[in-house]
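Colleague: Please take a close look at the surface of this model, and in particular at its charged side chains. I would like one connected explanation, with each term given its cut-offs.

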Amino acid sequence: MKRKLTITVDSELLPRAKRYARLRGVSLSSLVEASLQAVAAEETPSFSERWRGRFKEARRDDARYEALARKYL
């Protein structure tokens, strides 16, 4: 099911986008839809994948580690 969408674009971009769509034989709406589908289909890494390997292990001889371990472990 298709739904109507209102977007706002730069006034200089609109004629260029219409020309681009016309040269390819598609409507501006289908061009925008295809672009959104391409962006939505991009695989984005999960939160854990983005942060994996970015943290260093705490030094166990650190006083802060000891205090946090007593409190939370």
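Modeller: A residue is called buried under 20% relative accessible area, exposed over 50%, and partly exposed in between (1.4 Å probe, protein chains only). The model is predicted: local features need pLDDT of at least 70, side-chain atom pairs count only at pLDDT 80 or more, and totals for chains, interfaces and linings use all residues. Residues are numbered from 1 along each chain as its sequence is written, and side-chain values use heavy atoms, with hydrogens and water left out.

Begin with K2, which is exposed because its relative accessible area is 66%. The side chain of K2 forms a salt bridge with that of E33 (a Lys or Arg side-chain nitrogen within 4 Å of an Asp or Glu carboxyl oxygen). In this pair the N to O distance is 2.7 Å. K2 belongs to the segment before α1 and E33 to helix α2 (residues 28-41), so the bridge ties together parts that are 31 residues apart in sequence. Helices here are DSSP runs (H or I, at least four residues), numbered from the N terminus. E33 has a relative accessibility of 32% and therefore counts as partly exposed.

A search of the whole structure gives 3 salt bridges. One of them joins the side chains of R59 and D61, with 3.3 Å from N to O. R59 is exposed, its relative accessible area being 56%, and D61 is likewise classed as exposed, at 63%. Another salt bridge pairs D62 with R64, and here the closest N and O atoms are 2.9 Å apart. R64 is exposed because its relative accessible area is 62%.

Charges can also gather in a patch. Patch members have over 30% relative accessible area and no salt bridge; like charges are joined within 9 Å, nonpolar side chains within 5 Å. R16, K18, R19 and R22 form a surface patch of positive charge. K18 sits in helix α1 (residues 13-24). With a relative accessible area of 44%, K18 is partly exposed.

Helix α1 also holds L13, which takes part in a nonpolar patch. L5, I7, V9, L13, L14 and L36 make up this patch on the surface, with an area of about 520 Å². L13 is partly exposed, since its relative accessible area is 36%.

Back in the segment before α1 there is D10. D10 is partly exposed, because its relative accessible area is 48%. A polar atom of the D10 side chain lies 2.9 Å from the backbone nitrogen of E12.

A similar arrangement involves E49, which is part of helix α3 (residues 47-51). A polar atom of the E49 side chain is 2.8 Å from the backbone nitrogen of S46. E49 has a relative accessibility of 45%, so this residue counts as partly exposed.

W51 lies in helix α3 as well. W51 is partly exposed, as its relative accessible area of 38% shows. From W51 to L31 the C-alpha distance in space is 35 Å, while the two are 20 residues apart in sequence.

Further along the chain, E57 is found in the loop between α3 and α4 (63-72). At 66% relative accessibility, E57 is counted as exposed. How far apart in space are E57 and R19, C-alpha to C-alpha? The distance between E57 and R19 is 55 Å, and their separation in sequence is 38 residues. R19 is one of the residues in the positive patch described above.

To return to the starting point, K2 is exposed and its side chain meets that of E33 in a salt bridge. K18 is instead counted within the patch of positive charge, together with R16, R19 and R22.

Methods. Accessible areas come from the Shrake-Rupley method with a 1.4 Å probe; for residues, only the protein chains shown count as cover. Lys and Arg count as positive and Asp and Glu as negative; His and the chain ends are not counted. The place of a charge is taken as NZ of Lys, CZ of Arg, CG of Asp or CD of Glu. Helices (H or I, at least four residues) and strands (E, at least two) are DSSP runs, numbered from the N terminus. A polar contact is a pair of N or O atoms within 3.5 Å; within protein, one must be able to donate a hydrogen and the other to accept it, and residues adjacent in sequence count only if both atoms are side-chain atoms.
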